[in-house]
Amino acid sequence: MRLSKITKFKPIIGLEVHIELKTKSKMFCSCSADYFGKPPNTLTCPVCLGLPGVLPVPNKKAIEQTIILGLALNCKISPLSKFDRKNYFYPDLPKGYQISQYDLPLATDGKLKFQVPSSKFQVKIRRVHLEEDTAKMTHLGNFTLIDFNRAGVPLVEIVTEPDFESSNQIEEFLKYLQRLVRWLGISQADMEKGQMRCEPTVNLEVMKNGKIYYTPLVELKNINSFRFVRKAIDWEIKRQVDEFEKTGRIKEKGNKTTRGWDEKTGTTVLQREKEEASDYRYFPEPDIPPIKITKFQISNFKFQISELPQERMARFIKEYGISEYNARILTEEKKLADYFEEAVREAKETLEPTAIANIIINKKVDISKVSPVELVKILRQKQTTTKIGGNDLEKIVLEVLKENQKAVEDYKKGKTNALQFLIGQVMAKTRGQANLGELKEKLIKLLVN
Ligand SMILES: [Zn+2]
């Protein structure tokens, strides 16, 4: 991009993402962690209210889920990990400190590759650690209401390296991360419910008169939807360009400003000058022994996550010839992907995988009510009872060929995948009611003519 005085600039953006884990109980006590929509201050006990004389007991499930997420993000799992106290004074933190992890997080040094439109992007993951959520504060005019139901809910924090250069890359990363944690079954990561929160840190590398400068670091808060992530970052980049042009202010070591996204004005607003890490006076949590993780445990966790959504999606396209669009929907949830494959296995090549995929997606099959075996049975019955007449089928095939000239050309060039695609299109139009053998025959006949 070119501007009046600045010759060139490049955004440098890193992310901190907080995700609430889906566990039955809170991180250090037995209160329910399922707090959304519950009456305020009903899910509390002396531990999560920070009363004196209590002992925290770590939630094993939350530790396991964090390790699984670390592995899915290609991190190294620390054989020895521990909890630390992060001290700061704020009303949402009844103990006066948060139990978090400082120098020995559960997972470090990962990377995640994901798709941004038309290309792949890789971000390095600095660390993944486990902590407890704070109470929820609601500001009403001069009053502040506080709800301790959220205090102590397990919270995982993912910190990336500042590898992002655009709001687009960040949006795609967050969407993939959401899909990943849902796939792993460790969180619903609903941004609007606050189950997934992100704080981007933004500054710019600016080239001016042949010299390179860095603008001051700004951390953005109050972002609660994918749309706002994009808007807040784009606005902040523009603000930093303007500020640099006007003041020439550059980054100072150890100084980071916090700005909050204000959706009403569509701008970011200065909140505070950020404390440095040393201000938190971290020290090891004396009430919780260190966590040791063996190689055997790690290989067990690895086994549980053998195929992640993107890998499975790629395999569905390659192995079953289904469209990228359908493969994407089928791999939205692990349950659904497993269901589809079970139905394909059950059909034993009597039904096309593309037809099975189309039925599941277009008919919105309730997979909790219809088993894969039943689905295949229904499909087979339909094939024999409600066959579409020969003339009707030929009409639909001709229509599909006309609408998909590219696939027709691909087929003529020898790309056999194109035939699968066309079969899928006809099946979609006939709502899966065409007889497969007849359809294939007709399609090939019309294609070679
Ligand atoms: Zn509690």
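Throughout this report, buried means under 20% relative accessible area, exposed means over 50%, and partly exposed is anything in between, with a 1.4 Å probe and protein chains only. With that in hand, Asn209 is exposed, at a relative accessible area of 68%.

A word on the source: this is a predicted model, where local features need pLDDT of at least 70, side-chain atom pairs count only at pLDDT 80 or more, and totals for chains, interfaces and linings use all residues. Residues are numbered from 1 along each chain as its sequence is written, and side-chain values use heavy atoms, with hydrogens and water left out.

**Overall picture**

The protein has 449 residues, and 49% of them count as buried. Its C-alpha trace spans about 75 × 60 × 50 Å along the principal axes. You'll find 13 helices and 17 strands; these are DSSP runs numbered from the N terminus, with helices being H or I of at least four residues and strands being E of at least two.

**The zinc site**

Four cysteine sulfurs hold the donor positions around the zinc ion: Cys29 (SG), Cys31 (SG), Cys45 (SG) and Cys48 (SG), lying 2.3 to 2.4 Å from it. Donors here are N, O and S atoms within 2.8 Å of the metal (3.2 Å for Na, K and Ca), and water is not among the atoms, so sites may look incomplete. The angles among the four donor atoms run from 101 to 114 degrees, and the site is tetrahedral (for four donors, that takes all angles between 85 and 135 degrees). In sequence, the donor residues follow the spacing C-x1-C-x13-C-x2-C. Cys29 and Cys48 both lie in the loop between strand 1 (8-20) and helix 1 (60-72), so the pair ties together parts that are 19 residues apart in sequence. Cys29 counts as buried at 13% relative accessibility, and Cys48 does too, at 7%.

**Cavities and a pocket**

Both kinds of void come from a 1 Å grid over the protein atoms alone: a cavity is a set of points where a 1.4 Å probe fits but cannot get out, a pocket is an open set with protein on both sides within 12 Å along at least five of seven lines, and lining residues have an atom within 4 Å of a point. Grid points are joined across faces, edges and corners, and a volume is the space filled by probe spheres set on the points.

A search of the whole structure turns up two cavities of 30 Å³ or more. The largest cavity has a volume of about 60 Å³, and zinc donor Cys48 is one of its lining residues, alongside others including Asp92, Lys95, Tyr97, Glu132 and Asp133.

The second largest pocket has a volume of about 680 Å³. It is lined by 27 residues, and those closest to its centre are Lys113, Phe114, Gln115, Tyr176 and Gln310. Strand 6 (107-116), strand 7 (119-132), helix 2 (167-183), helix 5 (309-320) and helix 6 (324-330) each supply at least two lining residues. Strand 6 gives the most, with six.

Here is how the two linings divide by class (Ala, Val, Leu, Ile, Met, Phe, Trp, Tyr, Cys and Pro count as nonpolar, Asp, Glu, Lys and Arg as charged, and the others, Gly among them, as polar).

| Lining | Nonpolar | Polar | Charged |
|---|---|---|---|
| Second largest pocket | 12 residues | six residues | nine residues |
| Largest cavity | five residues | two residues | four residues |

**Helix 2 and onwards**

Trp183 sits in helix 2 and is buried, with a relative accessible area of 5%. Trp183 and Glu332 are 149 residues apart in sequence, yet their C-alpha atoms are 7.3 Å apart in space.

Gln195 is in the loop between helix 2 and strand 11, and is buried at 17%. A polar atom of the Gln195 side chain lies 3.0 Å from the backbone nitrogen of Asp190. Asn203, in strand 11 (residues 196-208), is buried at 3% relative accessibility. Its side chain has a polar atom 2.9 Å from the backbone oxygen of Thr215.

**Two asparagines with positive phi**

Back to Asn209: this residue is in the loop between strand 11 and strand 12 (211-214), and has a positive phi of about 45 degrees although it is not a glycine. Asn222 also has a positive phi, about 65 degrees, and is not a glycine either. Asn222 is found in the loop between strand 13 (217-221) and helix 3 (226-247), and counts as partly exposed at 49% relative accessibility.

How values were computed
Tetrahedral: all angles 85-135°; square planar, octahedral: opposite > 155°, others 65-115°. Polar contact = N/O pair within 3.5 Å; in protein donor to acceptor, adjacent residues only side chain to side chain.
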